[in-house]
Amino acid sequence: MQPIPIIGAYLSAANAPGGVMLPEFYNQLGAMHGTIMVFMGVVPLAVGGFGNFVMPLQIGAPDMAFPRINMASYWAYFVGGVVMLASFFLPGGAANSGWTSYVPLAVTATVGQTWWLLGMVLLITSSLLGSLNFIVTIFQLRAPGLTFMRLPIFVWLQLVTAYLLLLAFPPLEAAAVLQLMDRVAGTSFFLPSGLVVSGQILGNSGGGNPLLWQHLFWFLAHPEVYVLILPAMGIVAEVLANNIRKPLWGYKPVVYSAIFLGFMSFVVWAHHMFLTGMGTTMSAFFQTTTMIISIPSVVILTSLFLSLWGASIRFTTPMLFALAFLPMFGIGGLTGLPLGLAPTDIHLHDTYYVIGHFHYVVAPGTLFALFAGIYYWFPKATGRYMNELLGKIHFWGSFVCINIVFFPMFIQGLAGMNRRLYDGGIQYAHAQTAAKWNMPMGHAAFALWAFQLFFIFNFFWSIKKGRRSPSNAWDATTLEWAAAPSPPPHGNFPEPPVVYREAYEYSVPGHPRDFTPQNEPETKRDK
Amino acid sequence: MDIPYTVTARPDTGLYNGKLGIWLFLASEVMLFGALFSSYLLLRVGAEVWPRGETILNIPMAFLNTVILISSSVTMVLAWASLKMNQFQKARWCLIGTFLLASGFLVVKFFEYSEKFAHGLAPKTNTFLAIYFTLTGLHGLHVVGGMVVMAFLFGPGAKMWRVAPERYTNRVEITGLYWHFVDLVWIFLFPVLYLL
């Protein structure tokens with residue numbers, strides 16, 4: 001086995017002697033990568049960050065409905081994050097049973113798992129407080145005239161997301177409490193009778209059910225996937241509408257699809273469990289619901305694609321990211337279908353194909369949408385544009401590299417290569433044919449990292465030195481651009497806005513400009 | 001800058017912010033306890049032997065606690081009703097009464113728990129006791145949470161009555177909604193754990 005180039009030298013001898021990672025350390029990194037990116041990265045950024053900043057501005061609200069609960073939500077997140085990261089320094093290191101924390105492995109794991117559970121309880125509390133705040137804000141604080149069918153798509157998708165967070169997270173909280181009891185109080189909720197660990201019978205009371213954990217976990221974690229993707233779709237819809245300079249195609253189908261998708265996401269969870277022996281009847285039910293839930297996703301994606309038809313597109317940096325989202329999310333979504341069908345999942349389960357599918361959804365999917373959102377709303381938050389040239393280098397570099405990282409995973413997975421192999425499969429006969437892809441993937445990952453430096457530099461440089469933007473930086477119709485200064489002051493709006501129009505009135509015939517803000521009063525010509 | 005509808009209801013939803021907030025919070029609580037009750041079902045259905053609650057647990061004490069909690073819900077409603085009729089002192093005593101009943105509940109629970117521990121019955125003894133302690137323990141935490149809010153309302157938080165009586169009344173109302181939920185959870189817990 002070869003040592004990891006460059007960074008291998010900086011890893012401690014306890015974790016990676018000679019630069020070669022020990023399996024235990026690899027497992028920690030795997031488990032914590034998933035946890036950190038999902039619960040401390042994407043959700044706080046997409047919902048806590050964008051939702052909190054953009055949503056009140058788009059609905060014409062002075063603030064969130066409960067500013068103190070907002071604060072409490074942030075601090076719960078902060079403490080939860082500290083607990084999670086601190087667990088790396090415990091004896092035995094951080095949690096190492098995968099981000100799914102499957103039992104009984106997780107119950108018998110090192111103390112890092114207990115901290116993981118405590119951290120999760122705090123992070124869940126944070127999401128819970130945030131989500132109820134979002135729902136109340138959207139229902140109660142909409143500006144006069146802003147009816148539900150005039151809401152920007154982003155607000156709609158945040159609303160559905162908030163419901164998912166509100167109702168799907170508590171079962172994981174329950175599951176975390178039960179696992180905590182198993183670990184700390186010695187109960188056997190998830191431990192079957194006569195469990196043998198390392199050749200010895202565990203002296204537990206038994207009678208527990210390992211499948212119970214998986215049901216509770218995926219009952220959260222499948223809606224969680226939609227929590228990761230819906231805000232991203234919302235951002236893409238906003239950026240797209242602004243840069244195609246015409247109304248989005250299919251506003252209502254998108255809204256109804258999102259609501260339907262929200263409901264359906266609660267009845268698909270066991271498609272992660274086809275191989276657990278839960279029975280063919282259950283599998284048949286869950287693969288059917290899984291096929292049904294793909295329909296609203298396709299409706300949303302198709303509406304966004306069709307919106308491009310006949311548009312005169314402005315290829316700004318946010319638009320490039322938003323445009324890249326469409327095919328990338330398309331690949332991620334379509335490769336999910338074979339995983340949602342029990343017969344094909346038998347072959348693909350737990351292979352690199354799963355990793356490729358999931359990362360196409362959240363990396364060039366959600367993350368690209370988040371980049372689009374940052375480039376798009378940066379002038380609102382700071383009053384300055386980000387640099388276009390650096391932005392375009394960042395985009396093209398990331399776009400090429402990220403595909404080299406994730407696309408070979410489909411090939412590896414189809415060849416039968418497992419995930420969670422600490423040596424990259426080099427010691428396993430069945431992985432030999434596909435392991436050669438590790439090298440280009442690894443190099444592309446380093447290059448991908450390097451291209452993010454352009455973004456980081458651009459971000460901080462533009463705060464001070466970027467080109468100044470007018471308050472409506474992109475000639476947009478929605479309230480955050482049309483009615484609030486950049487950056488918005490405390491209270492957001494100089495005077496409470498009133499809404500007269502739908503969200504995306506771009507290029508309305510007969511109007512002097514190619515955009516008509518939502519707060520522009522109707523004239524005789526409109527009627 | 002004022003946030004709208006903190007006290008008065010928004011015409012199209014018919015709710016003030018706090019009330020919608022507490023209903024959403026309770027919805028998530030339903031999911032929390034729903035998940036735990038579902039776990040109970042799954043564990044019980046899958047178990048080879050499952051002790052009947054009456055053989056291990058003390059039904060008279062639990063019945064006493066049921067009476068105590070239902071009474072505390074009554075005093076909670078009376079507190080809100082008194083504020084609506086502008087009788088602040090009466091409301092305050094009702095809140096204190098609710099607080100005392102809640103403490104009574106915890107005292108009874110304490111005796112129940114210590115009796116179990118004295119007989120060597122702990123969460124790790126078997127799955128029935130595990131789910132019993134988890135469910136009642138989590139419910140007990142909810143009782144404590146409610147008591148903290150009540151203590152604030154009849155203690156330092158009572159000043160608000162003089163400056164913003166409507167807002168104070170709303171606070172008591174949503175605390176009441178929460179308290180009835182805690183009561184309701186117990187009304188499910190009692191038969192599920194003790195009687196069935």
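This is a walk through a predicted model, stop by stop, with something to select at each one.

**Stop 1: chain B as a whole**

Colour chain B by secondary structure. You should get seven helices and zero strands, so to speak a plain α-α-α-α-α-α-α when read along the sequence. Its C-alpha atoms fill a box of roughly 60 × 35 × 25 Å along the principal axes. Of the 196 residues in chain B, 48% count as buried. If you switch on a contact map, look at pairs in chain B at least 6 apart in sequence: 76% of those contacts join residues at least 24 apart.

Now put a surface on chain B. The accessible area comes to about 9,100 Å², and 71% of that belongs to carbon and sulfur atoms. For charges, pick out the 14 positive and 10 negative side chains of chain B; the centres of the two sets sit 7 Å apart.

**Stop 2: where the chains meet**

Show both chains and select the contact residues: 39 from chain A and 33 from chain B. Together the two chains bury about 2,900 Å², with 74% of it on carbon and sulfur atoms. Which three residues of chain A supply the most buried area against chain B? Select A:Gln140, A:Phe189 and A:Leu212, which account for 20% of what chain A buries there.

Keep A:Gln140 on screen and add B:Tyr5, which touches it. B:Tyr5 sits in the segment before helix H1 (17–46) of chain B. Leaving aside residues up to four places away in sequence, B:Tyr5 also touches B:Arg10, B:Pro11, B:Tyr16 and B:Asn17. Is B:Tyr5 buried or partly exposed? Its relative accessible area is 26%, so it counts as partly exposed. For a sense of scale, draw a distance from B:Tyr5 to B:Glu115: they are 110 residues apart along the chain, and their C-alpha atoms are separated by 49 Å.

B:Tyr16 leads on to B:Asn170, since B:Asn170 touches it along with B:Thr6 and B:Val7. You'll find B:Asn170 in helix H7 (residues 165–195) of chain B. At a relative accessible area of 10%, B:Asn170 is buried.

**Stop 3: the core**

Next, the largest nonpolar core, which has 223 residues. The members touching the most other members are A:Ile153, A:Leu240, A:Phe325, B:Leu95, B:Tyr168 and B:Leu193. Helix H5 (residues 210–244) of chain A gives the most to this core, with 22 residues.

Zoom in on B:Leu95. What does it touch, beyond residues up to four places away in sequence? Its partners are B:Met76, B:Ala79, B:Met150, B:Leu153, B:Phe154, B:Tyr168 and B:Val172.

**Stop 4: backbone oddities in chain A**

Most residues other than glycine have a negative phi, and most peptide bonds are trans. Here are some exceptions to click on.

Start in the loop between helix H2 (67–86) and helix H3 (112–140) of chain A, which holds A:Pro104. The peptide bond from A:Val103 to A:Pro104 is cis, with omega near -5°. A:Ser101 is in the loop between H2 and H3 too, with a positive phi of about 50°. A:Ser101 is buried, at a relative accessible area of 0%.

Then jump to A:Asp475, in the loop between helix H14 (438–465) and H15 of chain A. Phi of A:Asp475 is also positive, near 50°, but this residue is partly exposed at 34% relative accessibility.

Finish at A:Pro487, in the segment after helix H15 (479–482) of chain A. The bond to it from A:Ser486 is cis, with omega near -10°.

Note on methods: Residues numbered from 1 in each chain as written. Chains lettered and ligands numbered in written order. Predicted model: local features only at pLDDT ≥ 70, side-chain atom pairs only at ≥ 80, totals over all residues. Heavy atoms only, no water. Core = buried A, V, L, I, M, F, W, Y, C linked by side-chain atoms within 4.5 Å. Buried < 20%, exposed > 50% of the residue type's maximum accessible area, 1.4 Å probe, protein only. Helix = DSSP H or I, 4+ residues; strand = E, 2+ residues; numbered from the N terminus. Contact = heavy atoms within 4.5 Å. Areas by Shrake-Rupley, 256 points an atom, 1.4 Å probe, with all protein chains shown as cover. Lys, Arg positive; Asp, Glu negative; His and termini not counted. Charge placed at Lys NZ, Arg CZ, Asp CG, Glu CD. Buried area = accessible area lost by both parts, 1.4 Å probe.
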